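Student: I have just opened this model and would like a short tour. Could we begin with the individual chains and then turn to how they meet?

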Amino acid sequence: MLSKRIIPCLDVKDGRTVKGVNFVDLKDAGDPVELAWQYAQQGADELVFLDITATHERRGTTLEMVKAVARQLNIPFTIGGGITTIADAEALLNAGADKISINSAAVRNPVLIEDLAKAFGVQFVVVAVDTKLVEGRNMVHLNGGRLITELETEDWIIRAENLGAGEILLTSMDHDGTKNGFDCSLLDKVSKSINIPVIASGGAGKIAHFTEVFLETGVDAALAASVFHFGEIPIPLLKQELKKHNIPVRL
Amino acid sequence: MITIINYGSGNIQAIGNIYTRLKIPFKIANCPEDVNGAEKIILPGVGAFDETISMLDKSGFRDVLDKEVLENNVPVLGICVGMQILANGSEEGQLSGLGWINGYVKKIDKELLVQKPKVPHLGWNSLEFSDDLPLYKGVDKEEGFYFLHSYYFECEEESNIMSKTFYGTSFASSVNKNNIYGVQFHPEKSHHNGVKLLQNFAKL
């Protein structure tokens with residue numbers, strides 16, 4: 001049976017891991033390579049690295065980090081942040097990344113999804129979507145939630161699937177950093193409207209939130225950062241709890 | 001020595017990293033001459049079916065592989081697309097496969113399957129296999145392996161199926177015929193189980 005995946009997310013800045021509460025007030029949570037290795041040992045199913053300060057000048061630092069992680073880690077990992085061209089993606093693939101995640105660049109240039117899928121296969125392309133409720137409508141936001149777009153979240157995700165996205169990483173900006181639980185109603189709607197895997201993100205604060213998101217929605221994976229980095233939720237304990245609720249997990 | 005066929009980018013480095021940590025000698029074959037005298041061969045997976053087959057043809061690897069695998073009976077392990085090209089052909093492309101194991105590669109078609117699974121099949125899935133298989137010695141069936149694919153290998157002969165995995169339907173997650181092995185999942189990304197399997201292959 002296919003397991004539900006638990007994915008720690010490591011925000012990376014200048015080769016170090018940080019985690020922001022609501023994407024501001026960044027705290028240092030350690031060395032990415034060391035953290036990645038620890039997570040694999042604990043039973044993380046995958047990892048996501050988000051390079052939150054990715055700029056052209058800093059690209060080299062990220063590539064070095066990806067190479068170092070790939071040497072140590074034998075579970076899959078995704079890298080996102082600042083990927084705007086096929087060449088960016090190819091460099092990351094060659095450095096050892098299993099998947100790349102694109103967000104703003106896909107909104108600004110949707111054909112990029114298609115081009116990446118053609119060049120590397122749909123399984124390589126994760127489309128990350130930051131969503132926020134505005135006057136009762138879920139709208140796609142950019143720049144870590146600071147910039148609203150004209151795209152309705154559910155429409156954009158269907159379009160991304162049609163363009164060749166292999167997976168959707170959906171972050172609710174209203175829930176992110178609150179530790180009050182995932183946005184189950186939106187996640188359920190989205191996961192039922194498309195035929196590619198969905199990763200739930202934003203709002204995890206306790207084990208019950210993970211149980212809830214897997215029992216109440218059709219998502220395939222759940223992602224969180226600080227609850228894992230600061231040891232608030234140990235992954236083995238989380239997985240044992242999920243198993244008690246008959247949620248398929250890899251122990 | 002274990003010889004990993006390099007026909008473009010892909011998961012070669014990840015496989016090499018595991019053998020380095022296991023202190024098991026391996027080499028990466030960049031040209032057909034490098035394959036001569038190999039004790040074990042690994043065919044990693046890259047991209048699409050036709051792309052992989054044409055790279056094998058263009059690079060000249062195909063003849064030497066046929067010789068080493070079919071005449072000299074060198075054990076070979078195909079991974080992901082590297083397993084799929086062992087078949088006669090694929091719905092993904094027009095070219096003929098290596099034809100070492102009779103079968104055809106088909107798309108995971110949600111319309112045809114009762115449970116309408118999402119595609120690609122992505123994530124960790126469990127396996128069913130009999131306990132006496134040397135390649136799976138010490139492997140935890142429940143923990144399983146990491147899969148990432150949209151096509152699957154349909155064997156003509158049931159006896160060539162080494163393990164089955166359920167995803168919408170029960171499909172061959174690995175195949176074996178004599179010295180020829182293929183796994184649909186990614187051992188190089190499957191943590192302890194993957195390390196175990198690559199170690200077992202080295203010992204065959």
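Tutor: Chain A has ten helices and twelve strands. Please keep in mind that this is a predicted model.

Student: What does chain B have in helices and strands?

Tutor: Chain B contains five helices and twelve strands.

Student: Back to chain A: what is its radius of gyration, against that of a compact globule?

Tutor: A compact globule of 251 residues would have a radius of gyration near 18 Å, and chain A has 17 Å, so the two agree. The C-alpha trace of chain A spans about 45 × 40 × 40 Å along its principal axes.

Student: And how does chain B fare on that rule?

Tutor: For 204 residues the compact-globule value is near 17 Å; chain B has 16 Å, which agrees. Its C-alpha atoms fill a box of roughly 50 × 40 × 30 Å along the principal axes.

Student: How much of chain A is buried?

Tutor: Buried residues account for 59% of the 251 residues in chain A. In chain B, they make up 59% of the 204 residues.

Student: What share of the contacts in chain B joins residues at least 24 apart?

Tutor: Counting contacts in chain B between residues at least 6 apart in sequence, 70% join residues at least 24 apart. For chain A, residues 24 or more positions apart account for 65% of the contacts with a separation of 6 or more.

Student: Now the interface. How many residues does each chain bring to the contact?

Tutor: Chain A brings 34 residues and chain B brings 26 residues. The area buried between the two chains is about 2,400 Å², and carbon and sulfur atoms give 49% of that.

Student: Which three residues of chain A supply the most of its buried area?

Tutor: They are A:L2, A:N74 and A:N195, which together supply 29% of the area that chain A buries against chain B.

Student: How many salt bridges cross the interface?

Tutor: There are three salt bridges between chain A and chain B. A salt bridge joins the side chains of B:K189 and A:D98, at 3.0 Å from N to O.

Student: What about polar contacts, how many residue pairs?

Tutor: There are 17 residue pairs in polar contact between chain A and chain B, counting pairs with both residues at pLDDT 80 or more.

Student: Which elements of chain A give two or more residues to that side?

Tutor: They are α1 (32–42), α2 (59–72) and α3 (86–95) of chain A. The largest share, three residues, comes from α2(A).

Student: And how do the residues on that side divide by type?

Tutor: The side of chain A that touches chain B has 14 nonpolar, eleven polar and nine charged residues.

Definitions and conventions
Residues numbered from 1 in each chain as written. Chains lettered and ligands numbered in written order. Heavy atoms only, no water. Contact = heavy atoms within 4.5 Å. Buried area = accessible area lost by both parts, 1.4 Å probe. Salt bridge = Lys/Arg side-chain N within 4 Å of Asp/Glu carboxyl O. Polar contact = N/O pair within 3.5 Å; in protein donor to acceptor, adjacent residues only side chain to side chain. Helix = DSSP H or I, 4+ residues; strand = E, 2+ residues; numbered from the N terminus. Nonpolar A, V, L, I, M, F, W, Y, C, P; charged D, E, K, R; others polar. Rg over C-alpha atoms; globule rule 2.2 N^0.38 Å. Buried < 20%, exposed > 50% of the residue type's maximum accessible area, 1.4 Å probe, protein only.
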